[in-house]
Amino acid sequence: MNIFLVGPMGAGKSTIGRLLSQELGLDFVDVDREIEERAGANIPWIFDVEGEAGFREREEAAIDHLTQKSNQILATGGGAVLRETNRACLQSRGFVVYLKTSVDQQLERTAKDKNRPLLQADNPRKVLDELMAHRDPLYMSTCDLVIKTDRRHPRGVVNEIIKQLVSRGILPA
């Protein structure tokens with residue numbers, strides 16, 4: 001069984017993924033951390049040196065490799081759904097949960113995070129609004145389940161995901 005978490009930056013994919021993996025006894029993998037380990041460099045450095053296109057190439061290779069494994073919770077980066085190949089891998093190799101959050105919540109959660117290259121701009125709200133407008137339809141078309149995370153404790157979100165998985169017959173009751 002694989003559960004893949006998609007959604008914008010600041011939606012809680014890594015935090016919720018770790019908790020969900022503990023609850024279900026599955027491995028947890030963060031695609032961005034995997035990319036950093038393979039590259040031997042952090043994501044801002046990859047963006048600086050290779051640009052977004054170089055990063056997306058690395059991301060695609062990592063997603064293809066990681067989604068072939070089983071019994072894991074995989075937290076993807078916010079832009080993972082941009083490439084059709086990634087969407088196909090996610091949809092065909094596991095159950096996809098879209099952790100949906102508002103731009104206000106994203107701003108609050110990412111305000112002090114310097115590890116977000118796309119937010120190193122004069123107007124982060126404008127950037128997030130544009131990203132959401134473009135990516136939300138891709139998240140929606142890729143996912144099997146939408147869970148809203150605004151103003152919610154991560155444990156409550158995890159419990160809701162588990163409840164939904166049980167009600168859909170993906171997890172035993």
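Is Arg 151 buried or exposed in this structure? Arg 151 is exposed, with a relative accessible area of 61%. The legends below describe a predicted model.

**Figure 1. Overall fold of the predicted protein, with seven helices and five strands.** Read from the N terminus, the order of elements is β-α-β-α-α-β-α-β-α-α-β-α. The C-alpha trace extends over about 50 × 35 × 25 Å along its principal axes. The radius of gyration is 15 Å, which agrees with the value near 16 Å that a compact globule of 173 residues would have. Of contacts between residues at least 6 apart in sequence, 74% join residues at least 24 apart.

**Figure 2. Surface and charge of the protein.** Of the 173 residues, 46% are buried. The protein exposes about 8500 Å², and carbon and sulfur atoms supply 47% of this area. The protein carries 24 positive and 25 negative charges, and the mean positions of the two sets lie 5 Å apart.

**Figure 3. Pairing of strands β4 and β5.** Strand β4 comprises residues 95-100 and pairs with β5 in the parallel sense, over four bridges. One of the residues involved is Val 97, whose bridge partner in β5 is Leu 145.

**Figure 4. Alternating side chains along strand β5.** Strand β5 covers residues 145-148. Leu 145 and Ile 147 point to one face and are buried. Val 146 and Lys 148 point to the other face and are not buried. Leu 145 thus appears in two views: its side chain is buried, and Leu 145 is also the bridge partner of Val 97.

**Figure 5. Asn 71 in the loop between α3 and β3.** The loop that holds Asn 71 lies between helix α3 (43-66) and strand β3 (72-75). Most residues other than glycine have a negative phi. Asn 71 is not a glycine, yet its phi is positive, at about 60°. With a relative accessible area of 40%, Asn 71 is partly exposed.

**Figure 6. Arg 151 in the loop between β5 and α7.** Beyond strand β5, the loop leading to helix α7 (154-167) contains Arg 151. Phi of Arg 151 is near 55°, a positive value in a residue other than glycine. The relative accessible area of Arg 151 is 61%, and the residue is therefore classed as exposed, for which the cut-off is over 50%.

Note on methods:
Residues are numbered from 1 along each chain as its sequence is written. This is a predicted model: local features need pLDDT of at least 70, side-chain atom pairs count only at pLDDT 80 or more; totals for chains, interfaces and linings use all residues. Side-chain values use heavy atoms; hydrogens and water are left out. The radius of gyration is taken over C-alpha atoms; the globule rule is 2.2 Å times the number of residues to the power 0.38. Buried means under 20% relative accessible area, exposed over 50%, partly exposed in between (1.4 Å probe, protein chains only). Contact means heavy atoms within 4.5 Å. Accessible areas come from the Shrake-Rupley method with a 1.4 Å probe; for residues, only the protein chains shown count as cover. Lys and Arg count as positive and Asp and Glu as negative; His and the chain ends are not counted. The place of a charge is taken as NZ of Lys, CZ of Arg, CG of Asp or CD of Glu. Two strands pair if DSSP finds at least two bridges between them.
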